[in-house]
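Below are my comments on the model you sent, set out as numbered points. Please read them with the coordinates open.

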Amino acid sequence: MSLPSRVQLIDVGPRDGLQNEKQPVPAAVKIELVHRLQAAGLKEIEVTSYVSPKWVPQMADNHQVMSGMTRQSGVRYSVLTPNLKGYESAVLDQPDEIVVFGAASEAFSQKNINCSIAESIERFAPVVEAALAAGIAVRGAMSCTVGCPYEGEIAPERVAYLAGLMKQIGVQRVDVADTIGVGTPLKVQRALEATLQHYDIDHISGHFHDTYGQALSNTLAALQMGVWNFQSSVAGLGGCPYAKGATGNVATEDVVYLLSGMGIETGIDLDQLVDAGVFISGHLGRKPNSRVATAVLNKRAA
Ligand code: HMG
Ligand code: MG
């Protein structure tokens, strides 16, 4: 067991968190959310995606959000780009990092990005090449590394296969995603081990949805392997429109509390983070979906 002394959190709330919201969220609210996250100490924020507005209407304001926010130095702003068309619009907004997103499951690849795994890699290759030539960092999200809503359990070999393809086209680091939150610690560790065949521990991040309430346990299991990069979503926002029934990412508040209690540094101020979660949840007409936020708010009220 080799626990890291510091963890880097990527808040994906503005993108993964909001992409599935049925009610339109104004760009100004998304911008305010980004501002609050960076003020709370987040050093990486996944802001938006450049995908088809017919597929994901909520992200149609990508340009407005990216050009309307005030950037803080030292913060990395990432965006999703599934193909060259997405990359070409994204690059106008100067992201620090672009994310190509593939799946370990064929069926999910088809449902989410309308092509096979092999075709997705063909689409990503020129995107990765262009980004690297332009000095933009490249991350690869790997969906359904534990389970798929259409195919069920996913074998670690499928994960290793995808990680190998990502590596071949020049993707610098990858996210091991449990898209539908069905994973449990040992299964997640197997998916991470499969990824380790192609990426070292410093270039692997954990992206755990919390549908079955396992995301914190899975985070701990990943920490125990030395993983120190994680994606989470303020107030536990989120879900993928092409993974029915899957709920949000693990709440950033919950991860920060876990890490802080273990003496692991994140640089994030929990109180300000809770306020950011209250802000966006208030806008959506609900309470933050985070046990830690609830506890902090109850304590404040007492
Ligand atoms: P397609 O229909 O196969 O694309 O969609 P196409 O090339 O045949 O083009 C069809 C139409 O889409 C054309 O427009 C294109 O211009 C347009 P039309 O002529 O019909 O008016 N188009 C685009 N428009 C804007 N931006 C683009 C773009 N590309 C084509 N980049 C595509 C392929 C990938 C675009 C589509 O399937 C799509 O947008 N899918 C949405 C995928 C998505 O955003 N999913 C959610 C994010 S992934 C996720 O949440 C998982 C993650 O969190 C990790 C995890 O938890 O697992 C990352
Ligand atoms: Mg996700």
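1. Glu106, Glu119, Glu122 and Glu151 together make up a negative patch on the surface of this structure, which is a predicted model and should be read as such. For one of these residues, Glu151, the surroundings can be described further: Glu151 sits in the loop that runs between strand 6 (147-148) and strand 7 (152-153). Its relative accessible area is 41%, so Glu151 is classed as partly exposed, a value over the 30% that a residue must exceed in order to be counted in a patch.

2. The magnesium ion (ligand 2) takes its protein donors from Asp16 (OD), His207 (NE2) and His209 (NE2), which lie 2.1 to 2.3 Å from the ion. Along the sequence, the donor residues of this magnesium ion follow the spacing D-x190-H-x1-H. When describing the site, I would keep in mind that water is not among the atoms, so that a site may look incomplete.

3. Are the two histidine donors, His207 and His209, buried or exposed? His207 has a relative accessible area of 7% and is therefore buried, and His209, at 3% relative accessibility, likewise counts as buried; the cut-off that applies to both is a relative accessible area under 20%.

4. Two residues deserve a check of their backbone angles. Cys144, although it is not a glycine, has a positive phi of about 55 degrees, and this residue is placed in the loop between strand 5 (137-143) and strand 6. Cys144 has a relative accessibility of 0%, and so it counts as buried.

5. The second of these residues is Ala235, which is not a glycine either and yet has a positive phi of about 60 degrees. Ala235 belongs to the loop between strand 10 (229-232) and helix 10 (252-261), and because its relative accessibility is 2%, Ala235 counts as buried.

6. Finally, where does Gln272 lie? Gln272 is part of helix 11, which comprises residues 270-284, and with a relative accessible area of 37% Gln272 is partly exposed, since that class covers values between 20% and 50%. Gln272 and Met69 are 203 residues apart along the chain, and their C-alpha atoms are separated by 18 Å.

Technical notes: Residues are numbered from 1 along each chain as its sequence is written. Chains are lettered from A and ligands numbered from 1 in the order in which they are written. This is a predicted model: local features need pLDDT of at least 70, side-chain atom pairs count only at pLDDT 80 or more; totals for chains, interfaces and linings use all residues. Side-chain values use heavy atoms; hydrogens and water are left out. Donors are N, O and S atoms within 2.8 Å of the metal (3.2 Å for Na, K and Ca); water is not among the atoms, so sites may look incomplete. Buried means under 20% relative accessible area, exposed over 50%, partly exposed in between (1.4 Å probe, protein chains only). Patches are made of residues with over 30% relative accessible area and no salt bridge: like charges are joined within 9 Å, nonpolar side chains (Val, Leu, Ile, Met, Phe, Trp, Tyr) within 5 Å. Accessible areas come from the Shrake-Rupley method with a 1.4 Å probe; for residues, only the protein chains shown count as cover. A salt bridge is a side-chain nitrogen of Lys or Arg within 4 Å of a carboxyl oxygen of Asp or Glu. Lys and Arg count as positive and Asp and Glu as negative; His and the chain ends are not counted. The place of a charge is taken as NZ of Lys, CZ of Arg, CG of Asp or CD of Glu. Helices (H or I, at least four residues) and strands (E, at least two) are DSSP runs, numbered from the N terminus.
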